[in-house]
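Here's a quick briefing to read with the model open beside you. Start with the backbone, then move on to the charged pairs and the space inside.

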Amino acid sequence: MRPSLLKSTAELLRRSRGYASSANPERKVAILGAAGGIGQPLSLLMKLNPLVSSLSLYDIAGTPGVAADVSHINSPALVKGFMGDDQLGEALEGSDIVIIPAGVPRKPGMTRDDLFNINAGIVKALCTAIAKHCPNALVNMISNPVNSTVPIAAEVFKKAGTYDEKKLFGVTTLDVVRAKTFYAGKAGVPVTEVNVPVVGGHAGITILPLFSQVLRPWTMSEVSCKSDTHDPSKNATPASNSLSQEDIEALTKRTQDGGTEVVEAKAGKGSATLSMAYAGAVFADACLKGLNGVPDIVECSFVQSTVTELPFFASKVRLGKNGVEEVLGLGELNDFEKKGLESLKVELKSSIDKGIKFAHGS
């Protein structure tokens, strides 16, 4: 990347994502699965993040090449590559954030549940290592099915005596990214002026975008996120109520099926790797800013929750120096969203239970 382009990219990121000043503490980020389809572009994006001082790239194979390639980019983060089981501990040691995109990708006709048997075992092994080598790190889970892998991670950490519910996140940011993009395109408004809370889980009907709450970018001072009874319309963009119910239902379905849309478009040659890498980088950036004490950092994530009767649920969370500072309420839902909420609970509960059972049974 040319110096001028790198400088422009960094400046754009600082403006759009609200990076803190250069006087930040040193932060180490580890990416587990760095040589994969998500891992490689995610490694690139994290190398460009000025809040990262050390970038640790790990995979079972191919990592030295990825690390060498990324390390040539003239941004401050120091890059090291690690490969194989014997180097996993060194890769993790001292990490502030661990991002896990490891696992097999989706293929045509494959559901997230089809990924379970392979990816569940991978996640269990990686989380066992995290508990040993960096038990205080924030863990950002990308490996699918997130509805099950996050409960697996929680049970592994509980068994090791290191579990902190404030530090375990299922990355559902891609659902938010898609909902914002699809809504802005249909409503004909700038996507930068749109934010859509997406709640529930991270698979099919468990993904519930709350289009009735289309807002400008979230800040705690601008949106009364702490209240379950805030009036979303007070912060809505002018076009937030301009779409028909038919449009909203179609956008909801497209958001839920976004991963399948990409898998089919790639005709069996890949899944949503680039957009997922972007979403993973956005969420990791939010975590870094929270750790560094930047106020009013709000993102959606699949976390331990009491928002519903389910033990894990995706909703807006306020991030801070301890990870999750506050799990925020759902706000006012319309009838369509209430129906969607009730419909998703059975499937989401089943996925959570499946993860817990796997963690205890194998």
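Pro 145 sits in the loop between β5 (138-141) and α6 (146-160), and the peptide bond leading into it from Asn 144 is cis, with omega near 0°. Keep in mind that this is a predicted model. Beyond that bond, there are two positive phi values to look at, a set of salt bridges and one cavity, each taken up below.

**Backbone oddities**

- As background, most residues other than glycine have a negative phi, and most peptide bonds are trans.
- Ala 267 goes the other way, with a positive phi near 50° in a residue that isn't glycine.
- You'll find Ala 267 in the loop between α9 (258-265) and α10 (274-291), and it counts as exposed because its relative accessibility is 58%, over the 50% cut-off.
- Asp 296 is another non-glycine residue with a positive phi, this time about 60°.
- Asp 296 belongs to the loop between α10 and β9 (297-304), and at 35% relative accessibility it is partly exposed.

**Salt bridges**

- Side chains of opposite charge can pair when their charged atoms come close.
- Searching the whole structure turns up 10 salt bridges.
- One of them joins Asp 96 to Arg 27, with 3.3 Å between the closest N and O atoms.
- Asp 96 is in the loop between α4 (88-92) and β4 (97-100), while Arg 27 is in the loop between α1 (3-17) and β1 (28-32), so this pair ties together parts that are 69 residues apart in sequence.
- Arg 27 is buried, at 13% relative accessible area, which is under the 20% limit.
- Lys 186 and Asp 247 also pair up through their side chains, at 3.9 Å from N to O.
- That contact runs from helix α7 (residues 173-187), which holds Lys 186, to helix α8 (residues 245-256), which holds Asp 247, so it ties together parts 61 residues apart in sequence.
- Both partners are partly exposed: Lys 186 has a relative accessibility of 47%, and Asp 247 has 22%.
- Asp 257 and Lys 253 make another salt bridge, their closest N and O atoms being 2.4 Å apart.
- Here too the side chains are partly exposed, with Asp 257 at 28% relative accessible area and Lys 253 at 47%.
- Glu 309, Glu 342 and Lys 345 are linked in a salt-bridge network.

**A buried tyrosine in α7**

- Helix α7 also carries Tyr 183, which is buried with a relative accessible area of 0%.
- Tyr 183 and Val 194 are 11 residues apart in sequence, and their C-alpha atoms are 8.1 Å apart in space.

**Space inside**

- Rolling a probe the size of a water molecule over the atoms shows where empty space is left.
- How many cavities of 30 Å³ or more does the structure hold? There is one, and the volume of the largest cavity is about 70 Å³.
- Its lining is made up of Ile 130, Pro 135, Ala 137, Val 139, Phe 157, Thr 162, Tyr 163, Asp 164, Lys 167 and Leu 168.
- Sorted by class, that lining has seven nonpolar residues, one polar and two charged.

How values were computed: Residues numbered from 1 in each chain as written. Predicted model: local features only at pLDDT ≥ 70, side-chain atom pairs only at ≥ 80, totals over all residues. Heavy atoms only, no water. Salt bridge = Lys/Arg side-chain N within 4 Å of Asp/Glu carboxyl O. Helix = DSSP H or I, 4+ residues; strand = E, 2+ residues; numbered from the N terminus. Buried < 20%, exposed > 50% of the residue type's maximum accessible area, 1.4 Å probe, protein only. 1 Å grid on protein atoms, 1.4 Å probe; cavity = no way out; pocket = protein on both sides within 12 Å on 5 of 7 lines; lining within 4 Å. Points joined across faces, edges and corners; volume = space filled by probe spheres on them. Nonpolar A, V, L, I, M, F, W, Y, C, P; charged D, E, K, R; others polar.
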